[in-house]
Amino acid sequence: MSKVAIIGAGVSGLSMANYLEKNNIDYHLYERRTKDDLKGHGFILPKEGIEYLSEIIDINELYTKGSFLKKYIHYCHNGNILSEKDLDNVFVISRSTLIEVLSQNIPADKISYRSTLNLTGFSDEKAILEFEDHKSLKADIVIASDGSRSRIRRTVFQDETMRAVRENEVVNIIENEEIASQIESNFLKFHHEEGGLTFGVLKLSSTKILWYCQFDITRYFINEDYTADCIKQFMLDNFGDWNPLVSSIVKESSYDNAHIWRVYELEKLNPFHYKNIAFLGDAAHPLIPFTSQGVTSALKDSYILTQLLLEKKDLTETFEKYEQERKPEIETHIKNGRILLEQFLLPLNQQPKDTLPISYK
Ligand SMILES: Cc1cc2nc3c(=O)[nH]c(=O)nc-3n(C[C@H](O)[C@H](O)[C@H](O)COP(=O)(O)OP(=O)(O)OC[C@H]3O[C@@H](n4cnc5c(N)ncnc54)[C@H](O)[C@@H]3O)c2cc1C
């Protein structure tokens, strides 16, 4: 079987490596960061994501490291309940934990950290990749799983347009046993009555909670230094007078790990492959956070691409089938994500009552 080079060890690169490992396909994974640099916050995973994960990891171990969400409760910012919905096996886990679990099955000699690769050209229809010290790398198959701002994708598709989404997020994980027990297994989301501003909170474990806010970037402005103090000030200014649960979380949180996510999307999807390169996860299709489908989509990409590689057909045919199988579903999530964004921007009294913050196909 051919040699596969996977670029990027986020959820998509690591899940691809897990599927290849399981199916005895030779590969090597190259990752820019160091092994211990596990940034990121949390993921909401719908049931389907758990099903794909259970193919490659010990799912019972995963269950001990995150938590299931039983109910979605939607509030007005003053604390009035707007709607409640039962959730069907929706799981929440921190990004660092999921990355750690996905890394466990990858033998140390099959992953190189501190290895940033750039695409410098093609020879014999194969990508030439270069490390920062200019050493080059050639592989039969290249899996570009280098994230939403993929350098490899931008080198191949130079005409693409990435545009800022009218929504950014602040995300934070804090230790707070009292609030964790107070919110139980519920996913609470508060929405300002004028629209364009939300606060969500969920329990990651008995001692940790994840909270996030979403804001319309044309109405709410954050100091672009993005320091912990700037983020704290932004949260106090905009959420300090919300109902007591939100305002107390905002006031009492440590902001050392708070992060601001600027959200971008591709104006138009590119093909999911080019010559011997296949794009996976966010590198193929950045999805806006409203969909909660980024991780599940990355897992499905890896699963389907591996199944097709096992058929040992011509590579172009394999990649075309991969795109045919994956693109329609991704287009549905993009469409749903844009609908959820439009709804988020509207005043509460114009929003549909019983939506979920998840895109289902
Ligand atoms: C605010 C926010 C909230 C979100 N919430 C959810 C959620 O609740 N549920 C959900 O399913 N999804 C969510 N998502 C989406 C989710 O984060 C992504 O879809 C998912 O992490 C994609 O993983 P990935 O592996 O494709 O990319 P990434 O996680 O970006 O990984 C890319 C990896 O490639 C490495 N890399 C980059 N360039 C190079 C290079 N040149 N050479 C070597 N290595 C390189 C990077 O260091 C990184 O490790 C959210 C996203 C945002 C922004």
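**Strands, sheets and a ligand shell**

Colleague: Which strand do two bridges join to strand E2 (residues 27-30), with the two running parallel?
Modeller: Bear in mind that this is a predicted model. Two bridges make that parallel link, and in one pair leucine 29 has isoleucine 111 as its bridge partner. Isoleucine 111 sits in E6, so the strand joined to E2 is read straight from the DSSP bridges: E6.

Colleague: And which strands stand at the edges of the open sheet that holds E6 and E2?
Modeller: Walk along the order E6-E2-E1-E10-E17-E16, six strands with mixed pairing. An edge strand here pairs on one side only. That picks out strand E6 (111-112) and strand E16 (273-274).

Colleague: What angle does the direction of helix H1 make with that of E2?
Modeller: Helix H1 (residues 11-22) packs on that sheet. Among the strands it touches are E1 (4-7) and E10 (141-144), along with E2 and E6. Taken against the direction of E2, the helix comes out at about 165°.

Colleague: Over to the ligand: how much of its accessible area does the protein cover?
Modeller: Start with the polar contacts to ligand oxygen atoms: a polar side-chain atom of aspartate 282 is at 2.7 Å, a backbone N or O atom of valine 295 at 2.8 Å, and an N or O atom in the side chain of arginine 95 at 2.9 Å. On its own the ligand has 1,000 Å² of accessible area. Of that, the protein covers 88%.

Colleague: Which elements give two or more residues to the shell around the ligand?
Modeller: There are 28 residues around the ligand, with Ser12, Glu31, Ile44, Asp282 and Val295 the closest. Broken down by class, the shell has 10 nonpolar, 11 polar and seven charged residues. The elements that give two or more of them are H1, strand E3 (42-45) and helix H9 (294-310).

Colleague: In the open sheet E7-E8-E9, why do E7 and E9 each have one side left without a neighbour?
Modeller: The three strands pair antiparallel in that order. Strand E7 (117-123) and strand E9 (136-137) stand at the edges, so what leaves one side of each free is having a single partner strand.

Colleague: Which residue in E8 is the bridge partner of serine 123?
Modeller: E7 and strand E8 (residues 126-131) run antiparallel, with six bridges between them. In one of those pairs serine 123 is matched in E8 by lysine 126.

Colleague: Last one: how many bridges pair E11 with strand E14?
Modeller: Strand E11 (residues 162-175) also pairs antiparallel with strand E15 (residues 259-266), over seven bridges, and there alanine 164 stands opposite tyrosine 264. With E14 (residues 208-216) the sense is antiparallel too, and glutamate 175 has lysine 208 as its bridge partner. For E11 and E14 the count of bridges is nine.

Note on methods:
Residues are numbered from 1 along each chain as its sequence is written. This is a predicted model: local features need pLDDT of at least 70, side-chain atom pairs count only at pLDDT 80 or more; totals for chains, interfaces and linings use all residues. Side-chain values use heavy atoms; hydrogens and water are left out. Helices (H or I, at least four residues) and strands (E, at least two) are DSSP runs, numbered from the N terminus. Contact means heavy atoms within 4.5 Å. Axes are lines fitted to C-alpha atoms, for helices over the stretch in contact, and angles run from 0 to 180 degrees between N-to-C directions. A residue is near a molecule or strand if one of its heavy atoms lies within 4 Å of it. A polar contact is a pair of N or O atoms within 3.5 Å; within protein, one must be able to donate a hydrogen and the other to accept it, and residues adjacent in sequence count only if both atoms are side-chain atoms. Accessible areas come from the Shrake-Rupley method with a 1.4 Å probe; for residues, only the protein chains shown count as cover. Ala, Val, Leu, Ile, Met, Phe, Trp, Tyr, Cys and Pro count as nonpolar, Asp, Glu, Lys and Arg as charged, and the others, Gly among them, as polar.
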